[in-house]
Amino acid sequence: MASKSNGPALVAGNSYYLPAMSNAGLFKGYVIDPGSVGYADVGRDDIHTVLITHGHNDHFRRAREFRERGARVIASKEDALLVRNPEVNVRGLFSWARPPKEMITPYFQGDACEVDLYIEDWLDSSIRAIYLPGHTLGEYGFITEDGVLYSADSLYSKELWGKYKLPYSIDPDLCRESIRKIKTLDFDYLVPGHGDPLSREDALKAADFHLSQLDFVDEVVLELLREPVSTESLVTKFCYELDLYKSLNNYWLTLVMLKGHLSSLNHQGRVAYKLENYCMFWFKSK
Ligand SMILES: [Zn+2]
């Protein structure tokens with residue numbers, strides 16, 4: 001993928017970021033999430049460690065460039081599997097079967113990279129790992145001694161919600177927990193995986209907006225389930241309701257998102273299901 005970065009931009013102290021399709025972070029000898037940007041974009045030859053926030057290829061596609069030059073690669077125990085073998089994500093989205101080529105989301109496609117150390121076994125007091133699951137099961141953010149939080153895809157800015165309408169997550173309840181955790185952290189600036197850095201004040205607003213959007217998706221689903229609706233019909237109705245972009249990619253991502261919300265609502269006793277004539281129906285609990 002072509003580099004989109006114009007070089008590192010200062011956030012605070014020694015904490016920089018490289019604006020790109022997927023932002024990369026830069027702190028002393030660490031590079032965070034080299035997905036869209038590679039070795040040449042970083043402009044320094046002292047990178048000793050690649051930190052990967054989560055196992056989506058748009059966040060680690062170019063990690064290998066740094067590893068080949070001697071840097072160690074660190075990812076969480078849970079997501080290291082996805083970094084070492086991106087095929088797991090590709091198949092996961094298709095219920096573990098092999099999807100037709102056109103149905104593979106570009107975010108999940110790309111270069112595998114060996115992981116040398118797990119986040120859980122790594123410690124540096126100048127940059128700490130914060131567990132923020134929900135977008136994947138093993139997502140972490142990183143907070144530097146400069147008060148900069150690299151939050152990856154755990155928090156979407158309002159700008160991003162306008163663009164994607166339904167950013168991907170696999171577990172809305174874990175997402176809620178992670179966003180509430182972000183609100184309690186001591187940081188001055190937040191660098192999201194996608195979009196511009198936010199001041200603390202704007203990040204807290206974005207957190208509340210993200211939480212409200214998760215509730216909004218629940219409400220739309222509940223409204224559509226006044227009568228029993230099949231999983232397939234629910235995807236269609238939901239996509240029309242939110243006027244989502246019509247693409248194969250979006251179809252599969254929306255299906256996973258909706259399964260996450262259906263499961264969450266079922267655990268809360270607000271949605272029930274039945275299998276009838278080989279078709280799965282969901283409906284609002286009375
Ligand atoms: Zn992601």
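# Briefing: cores, sheets and loops of a predicted model

Setting aside neighbours within four places in sequence, Ile 74 contacts Thr 49, Val 50, Leu 51, Ile 52, Asp 116, Leu 117, Ile 119 and Trp 122. The structure is a predicted model. Ile 74 belongs to strand S6, residues 72-75, and it counts as buried because 24 C-beta neighbours lie inside 10 Å. A UniProt annotation from an unreviewed entry, "domain: Metallo-beta-lactamase", covers residues 21-194.

**Nonpolar cores**

- The largest nonpolar core holds 53 residues, and the members that touch the most others are Val 50, Ile 52 and Val 73.
- Beyond four places in sequence, the contacts of Val 73 are Val 50, Ile 52, Ala 63, Arg 67, Cys 113, Glu 114, Val 115 and Asp 116.
- A second core, separate from the largest, has 16 residues, including Tyr 168, Leu 224, Leu 234 and Leu 253.
- In soluble globular proteins, nonpolar side chains tend to be buried together.
- Between Ile 74 and Pro 197, which are 123 residues apart along the chain, the C-alpha separation is 23 Å.

**The annotated span**

- Residues 21-194, the range that the UniProt record labels as the domain, have their end C-alpha atoms 6 Å apart.
- Helix accounts for 27% of this span and strand for 20%.

**N-terminal strands S1 to S3**

- Strand S1 (residues 9-12) pairs with S2 in the antiparallel sense through 3 bridges, and Ala 9 stands opposite Tyr 17 in S2.
- S1 and S2 make a hairpin with 2 residues between them, and Gly 13 in the turn has a positive phi of about 55°.
- Strand S2 (residues 15-18) directs Ser 15 and Tyr 17 one way and Tyr 16 and Leu 18 the other way; all are buried.
- S2 also pairs with strand S3 (residues 24-27), again antiparallel, over 4 bridges, with Leu 18 opposite Ala 24 in S3.
- The hairpin from S2 to S3 runs through 5 residues.

**The five-stranded sheet**

- An open sheet of 5 strands with mixed pairing has the order S8-S9-S10-S11-S12.
- Its edges are strand S8 (127-131) and strand S12 (198-199); each has a single partner strand, so one side of each is left without a neighbour in the sheet.
- Within this sheet, strand S9 (residues 140-144) and strand S10 (residues 148-152) run antiparallel and are joined by 2 bridges.
- Ile 143 stands opposite Leu 149 in S10.

**The three-stranded sheet and helix H10**

- A further open sheet, of 3 strands, is ordered S13-S15-S14 and is paired antiparallel.
- Strand S13 (229-230) and strand S14 (271-276) are the edge strands, each pairing on one side only.
- S14 and strand S15 (residues 279-284) are antiparallel partners over 6 bridges, and Ala 272 stands opposite Phe 283 in S15.
- Helix H10 (residues 248-267) packs on this sheet and touches S14 and S15; the direction of H10 makes about 110° with that of S14.
- The 20 residues of H10 should span 28 Å at 1.5 Å a residue, which agrees with the 29 Å between its end C-alpha atoms.
- The buried residues of H10 are Leu 253, Thr 254, Met 257, Leu 258, Gly 260, His 261, Leu 262, Ser 264 and Leu 265.
- These buried residues pack against helix H7 (172-184), helix H8 (200-224), helix H9 (231-242), S14 and S15.
- Leu 253 is thus a buried residue of H10 that is also listed in the second core.
- Just after H10, Gly 269 adopts a positive phi of about 75°.

**Positive phi outside glycine**

- Trp 96 is not a glycine, yet its phi is positive, about 80°.
- Trp 96 is located in the loop between helix H5 (87-92) and strand S7 (117-118), and it counts as exposed because it has 9 C-beta neighbours inside 10 Å.
- Asn 277 likewise has a positive phi, near 50°, in a residue other than glycine.
- Asn 277 lies in the loop between S14 and S15; with 5 C-beta neighbours inside 10 Å, it counts as exposed.

Terms used
Residues numbered from 1 in each chain as written. Predicted model: local features only at pLDDT ≥ 70, side-chain atom pairs only at ≥ 80, totals over all residues. Core = buried A, V, L, I, M, F, W, Y, C linked by C-beta atoms within 7 Å. Buried ≥ 20, exposed ≤ 12 C-beta atoms within 10 Å, placed from the backbone. Contact = placed C-beta atoms within 7 Å. Pairing = 2+ DSSP bridges. Axes fitted to C-alpha atoms, helices over the stretch in contact; angles between N-to-C directions. Expected span 1.5 Å × (residues − 1). UniProt positions renumbered as here; feature names shortened; annotations may be inferred.
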